[in-house]
Amino acid sequence: MKWEAVFKRILIAMSIILLILVVGFLVTLIVQSMPTIKALGTGYLWGKVWDPVNNVYGAYPFLVGTLLTSFTALIISVPFSYAIAIYLGEYNTKGWLSNLLKNTVELIAAVPSIIYGFWALFVLVPIVRTWETKIGVAPYGVGVFSASLVLAVMIIPYAAALGTSLIRMVPSPLKEGAYALGATRWEVIRSVVLPYTKSGLFAGILLSLGRALGETMAVTVLIGNTSALQHKFLDALFGPGNTMASVIANEFQEADHTLYLSALIELGLVLFFVTVIINLIGKRIITKYTNH
């Protein structure tokens with residue numbers, strides 16, 4: 001009982017430390033952003049021009065770029081993540097091929113993001129440029145779509161690994177009962193496995209989205225790094241852009257006065273809140289599906 005009480009206190013202390021760290025991050029960002037908050041107010045969020053030379057700062061182009069890049073990557077990655085999870089969790093749970101695919105997925109998660117950026121710059125960008133020429137948009141090659149493709153590859157392991165573990169944990173009696181009623185393999189997956197694991201699978205999507213929102217180096221290499229806001233969807237998707245993380249990485253060392261530095265730090269604050277809001281919405285959806 002003594003050791004159990006000690007262990008409980010250790011867990012409580014670690015939880016409090018984690019909470020203090022998160023609050024510390026938030027307070028630091030708010031304090032360092034105060035010059036911009038006082039000077040620009042909420043107009044900072046909706047400003048469409050980012051011009052440090054003239055002390056004009058608007059975060060809207062980077063907010064759009066971050067959300068567009070992350071959700072495009074998520075849309076591309078989800079079918080592959082679910083396909084891998086279903087195959088490894090239901091169709092091929094053992095054997096050399098299963099181990100090979102599992103190790104490959106883990107390797108994809110372990111590769112540094114800058115390596116993905118360099119690979120895509122020399123291999124993927126020429127292919128994307130050819131596609132853009134065929135569909136009639138400006139053939140930049142680098143841009144939001146190229147960054148989204150690489151992000152999709154990078155975030156596949158997160159949802160796939162979690163999905164595989166959840167699918168393997170589905171109770172055998174549930175599946176055996178469905179087979180006994182004459183269900184096919186696909187019907188068991190659709191009517192038993194996926195409904196049983198839907199909250200966990202959605203949590204995997206949230207984990208992938210959180211990874212995509214904060215990715216920096218691969219996106220910085222591929223996105224084109226322009227602060228101009230595109231008004232047409234195809235131009236915004238295939239043209240160059242910027243995310244909040246990439247503009248911070250590009251310009252932080254160049255911030256030579258207080259307002260400029262504060263504007264970049266406030267971008268980090270906005271990214272913090274965007275991530276928190278998306279996760280809260282996701283958790284609410286998970287709770288709803290779990291309860292009903």
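## Helix α6 and S146

S146 sits in helix α6, which covers residues 144–168. The model is predicted. S146 counts as buried because its relative accessibility is 1%, under the 20% cut-off. Setting aside residues up to four places away in sequence, S146 touches L124, V128, G141 and L222.

The rest of α6 is covered too. Of its 25 residues, 18 are buried, so the helix is largely enclosed by the rest of the structure. Its length fits expectation: at 1.5 Å a residue, α6 should span 36 Å, and its end C-alpha atoms are 36 Å apart. The helix has a kink of about 35° at I155. The proline P157 comes shortly after that kink.

## Overall fold

The protein has 12 helices and 0 strands. Read along the sequence, the pattern is α-α-α-α-α-α-α-α-α-α-α-α. The C-alpha atoms fill a box of roughly 70 × 65 × 35 Å, taken along the principal axes.

The protein has 292 residues, and buried residues make up 38% of them. Among contacts with a separation of 6 or more, 73% join residues 24 or more positions apart. The protein exposes about 16,300 Å². Carbon and sulfur atoms supply 70% of that area.

## Helix α1 and its bend

Helix α1 runs over residues 2–40 and has 39 residues. From first C-alpha to last, α1 reaches 56 Å. That is close to the 57 Å expected at 1.5 Å a residue. Yet α1 bends by about 55° at S33. A proline, P35, follows within four residues. After the helix comes G41, with a positive phi near 65°.

What surrounds S33, leaving aside its neighbours within four places in sequence? S33 is in contact with S262, I265, E266 and L269. Its relative accessibility is 0%, so S33 counts as buried. S33 and V53 are 20 residues apart in sequence, and their C-alpha atoms are 19 Å apart in space.

## Salt bridges

How many salt bridges does a search of the whole structure find? The search finds 2. Side chains of opposite charge can pair when their charged atoms come close.

One pair is E90 and K175, whose closest N and O atoms are 3.4 Å apart. This pair links distant parts of the chain. E90 belongs to helix α3 (residues 60–91), and K175 to helix α7 (residues 172–180). The two residues are 85 residues apart. Both E90 and K175 are buried.

The side chains of E215 and R211 also meet in a salt bridge, at 2.4 Å from N to O. Are E215 and R211 buried or partly exposed? E215 has a relative accessible area of 4%, so it is buried. R211 counts as partly exposed because its relative accessibility is 27%. Partly exposed here means between 20% and 50%.

## A nonpolar surface patch

Six residues form a nonpolar patch on the surface: F118, W119, F122, V123, I127 and W131. Together they have about 650 Å² of accessible area. W131 is placed in helix α5, residues 113–135. Its relative accessibility is 42%, and W131 therefore counts as partly exposed.

The spacing of such residues can be read against helix geometry. An α-helix has 3.6 residues a turn, so residues three or four places apart point the same way.

## Loop residues with positive phi

Most residues other than glycine have a negative phi. Two asparagines depart from that pattern: N55, with phi near 60°, and N225, with phi of about 55°.

N55 lies in the loop between α2 (43–46) and α3. With 36% relative accessibility, N55 counts as partly exposed. N225 is found in the loop between α9 (217–222) and α10 (233–238). N225 has a relative accessible area of 32%, so it is partly exposed.

Terms used. Residues numbered from 1 in each chain as written. Predicted model: local features only at pLDDT ≥ 70, side-chain atom pairs only at ≥ 80, totals over all residues. Heavy atoms only, no water. Patch = residues over 30% accessible without salt bridge, like charges linked within 9 Å, V, L, I, M, F, W, Y side chains within 5 Å. Areas by Shrake-Rupley, 256 points an atom, 1.4 Å probe, with all protein chains shown as cover. Salt bridge = Lys/Arg side-chain N within 4 Å of Asp/Glu carboxyl O. Buried < 20%, exposed > 50% of the residue type's maximum accessible area, 1.4 Å probe, protein only. Expected span 1.5 Å × (residues − 1). Bend = angle between axes of the 7 residues up to and from the residue. Contact = heavy atoms within 4.5 Å.
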